[in-house]
Structures are given as structure tokens and as C-alpha cells.
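Here are my comments on the model you sent. They are numbered so that you can reply point by point.

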Amino acid sequence: MSSGELLQIHPQELQFPFELRKQISCSLQLSNKSDNYVAFKVKTTNPKKYCVRPNNGVVLPRSTCDVTVTMQGQKEAPPDMQCKDKFLLQSVVASPGATTKDITPEMFNKESGYEVDERKLRVVYIAPPQPPSPVREGSDEDSSPRASVSENGHSSAVEFQASKAFNERVEQKDASFQARTLTSKVIEERNSVVEQNKKLRQELELLRRAPNSGGIPFMYVVIVGLVGIILGYLLKRT
């Protein structure tokens, strides 16, 4: 706030949050810190563009007065949001008990002998807050929700295919291991049967060559025949 003048003004400039085709208002507070009645008048360089209420009045001693300035809706924004409009606040000491009806144009004319205090106020446009910019799809840094879902779905599909291929390889390895184990077991059984058959043939040959042999027992021959049949069956399976 300023000091040393008849009226203290706050703020010291007119600030309008600019929006196209919209009426915008701002307020000024006039404070009278003295024991005098102070009359004031507000002028502007562009009266068709602004409406001032009240545009004149009297501020009582040790009191304040609010002035509202309304800007008409504008069809286009000025270059670089700069405004050249100006306001002038004139104030003068009035007679005790003066009211708005007692204000005359001559009171603000310095040539009439009045000590007129003049304060110039500039107009400032404030740009409205910008909405957040839309996120472009396919951006590396800021991916949209849709892009994120797509990427997550693709990632899940890749992971599923990799897991499926790994499981198939494991199953193939298990099957191959089981086949090798079974083959090895059959070969061992076959070798065992061949070895036993070989021993039986050797024993049979010894019996044939043994002296005083009363002939080969019938059951022994049957056993040798059964062993031969089993061995042939196993050989066919492998």
C-alpha cells in the first residue's frame, strides 16, 4: 500500500484473469487514514471497455471504500497479453459531513484552487492456468493408459510363450530320460537272461559230457526251453 497520499490504494494495479468473451471484475480498496472527509473520482482511458462502481464518492475519516472495476468480454487477446489501458484516481479533501451528492467536477480541477492528489493505475492481464497437455500415444517417457495396457498385454503374451516353450522342453527332456531309463532297464534284463541262458547251456554241456550220466532230467530240459522262449520274447520287444 502507498503512504503519504490522501487515500491509500490496494492493490496498486488492476489485475484481470483474462478470458475471451467473459466479463471479468477486480476490486480496489481505498483507505482514508486521516481525520478528513476525502472525495474521489475514477477515470479511465477506455471508458467503453470498463464499468466502474462507484466511479466517485466520499471516504469517511478512518474508513475504507471498495471500488469494483468490470471489464467487458473481449473477442481477442492483445499481443503478448499486454494492456495499454490506464486508470486515474483523483482524490481531494472535502468539507466535513460531505456526501456523494456534494461532489462537483470543479473539486477535481486544479485550476479551481483545489489540491488534487492523482494516482495512475495500470491494467495487468493474468493468463488463465493452462490445462494439462494430452499425453501422446507411443511416447517413451509418458505413455498413455491405453499404451500401457497394450504394452503390458504384449509383455504378458511374450512371458506366457516363453514359459510354455520352457515347459515343453522340460517335458521333452523328462520323456527322453524316461525312455533312456526304460531302454537301459530292458537291456539289463536281456543281458541278465542271456547270461543265465549261457550258464544253463554250459551246465547242460557239462552234464552231457559227464560220465555215468543217466541222461538229462526232463524238468531241466523244460526249464531251459522256457528260458529260451522268454529270451526270444524280450529280444522281440527291444
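1. How much area does the protein expose, and what share of it do carbon and sulfur atoms supply? The protein exposes about 17,300 Å². Carbon and sulfur atoms supply 53% of that area. Bear in mind that this is a predicted model.

2. Composition next. The protein has two helices and nine strands. The order from the N terminus is β-β-β-β-β-β-β-β-β-α-α, so the helices follow the strands along the chain. Of the 238 residues, 26% count as buried. Among contacts with a separation of 6 or more, 67% are between residues 24 or more positions apart.

3. One sheet is open and has four strands, in the order 1-3-7-5. Its pairing is antiparallel. The edges are strand 1 (8-10) and strand 5 (50-53), and each of them pairs on one side only. Ignoring direction, neighbouring strands here are turned by 20 degrees against each other on average.

4. Within that sheet, look at strand 3 (residues 24-32) and strand 7 (residues 63-71). They pair in the antiparallel sense over nine bridges. As a register check, asparagine 32 has serine 63 of strand 7 as its bridge partner.

5. The other open sheet has five strands, in the order 2-9-8-4-6. Here the pairing is mixed. Strand 2 (14-17) and strand 6 (56-59) stand at the edges. Each has a single partner strand, so one side of each is left without a neighbour in the sheet. The twist averages 25 degrees from one strand to the next.

6. Strand 8 deserves its own point. Which strands does strand 8 pair with in the order 2-9-8-4-6? Its neighbours in that order are strand 9 and strand 4. With strand 9 (residues 117-126), strand 8 (residues 86-94) pairs in the antiparallel sense over six bridges. Glutamine 90 stands opposite glutamate 118 of strand 9. With strand 4 (residues 37-44), strand 8 also runs antiparallel, and eight bridges join the two. Lysine 43 has leucine 88 in strand 8 as its bridge partner.

7. Is strand 8 mostly covered or mostly open? Strand 8 is mostly covered, with seven of its nine residues buried. A general reminder applies when reading any such strand: in a regular strand, side chains alternate between the two faces of the sheet.

8. Now the packing. The largest nonpolar core has 25 residues. Phe16, Phe40, Tyr50, Val69 and Phe87 touch the most other members. Strands 2, 3, 4, 5, 7, 8 and 9 each give two or more residues to this core. A second, separate core has eight residues, including Val58, Ala94, Ile103 and Met107. As background, nonpolar side chains in soluble globular proteins tend to be buried together.

9. Phenylalanine 16 is a good residue to inspect. Leaving out residues up to four places away in sequence, phenylalanine 16 touches Ile24, Ser25, Cys26, Tyr50, Val69, Met71, Val123, Val124, Tyr125 and Ile126. Two of these partners, Tyr50 and Val69, are also listed among the core members that touch the most others.

10. Last, the cysteines. How many disulfides does a search of the whole structure find? The search finds zero. Cysteine 26 has a relative accessible area of 10% and is therefore buried. Cysteine 65, at 18%, is buried as well, because the cut-off for buried is under 20%.

Note on methods: Residues are numbered from 1 along each chain as its sequence is written. This is a predicted model: local features need pLDDT of at least 70, side-chain atom pairs count only at pLDDT 80 or more; totals for chains, interfaces and linings use all residues. Side-chain values use heavy atoms; hydrogens and water are left out. Buried means under 20% relative accessible area, exposed over 50%, partly exposed in between (1.4 Å probe, protein chains only). Contact means heavy atoms within 4.5 Å. Accessible areas come from the Shrake-Rupley method with a 1.4 Å probe; for residues, only the protein chains shown count as cover. Two strands pair if DSSP finds at least two bridges between them. Axes are lines fitted to C-alpha atoms, for helices over the stretch in contact, and angles run from 0 to 180 degrees between N-to-C directions. A disulfide is a pair of cysteine sulfur atoms within 2.5 Å. A nonpolar core is a set of buried Ala, Val, Leu, Ile, Met, Phe, Trp, Tyr and Cys residues joined through side-chain atoms within 4.5 Å.
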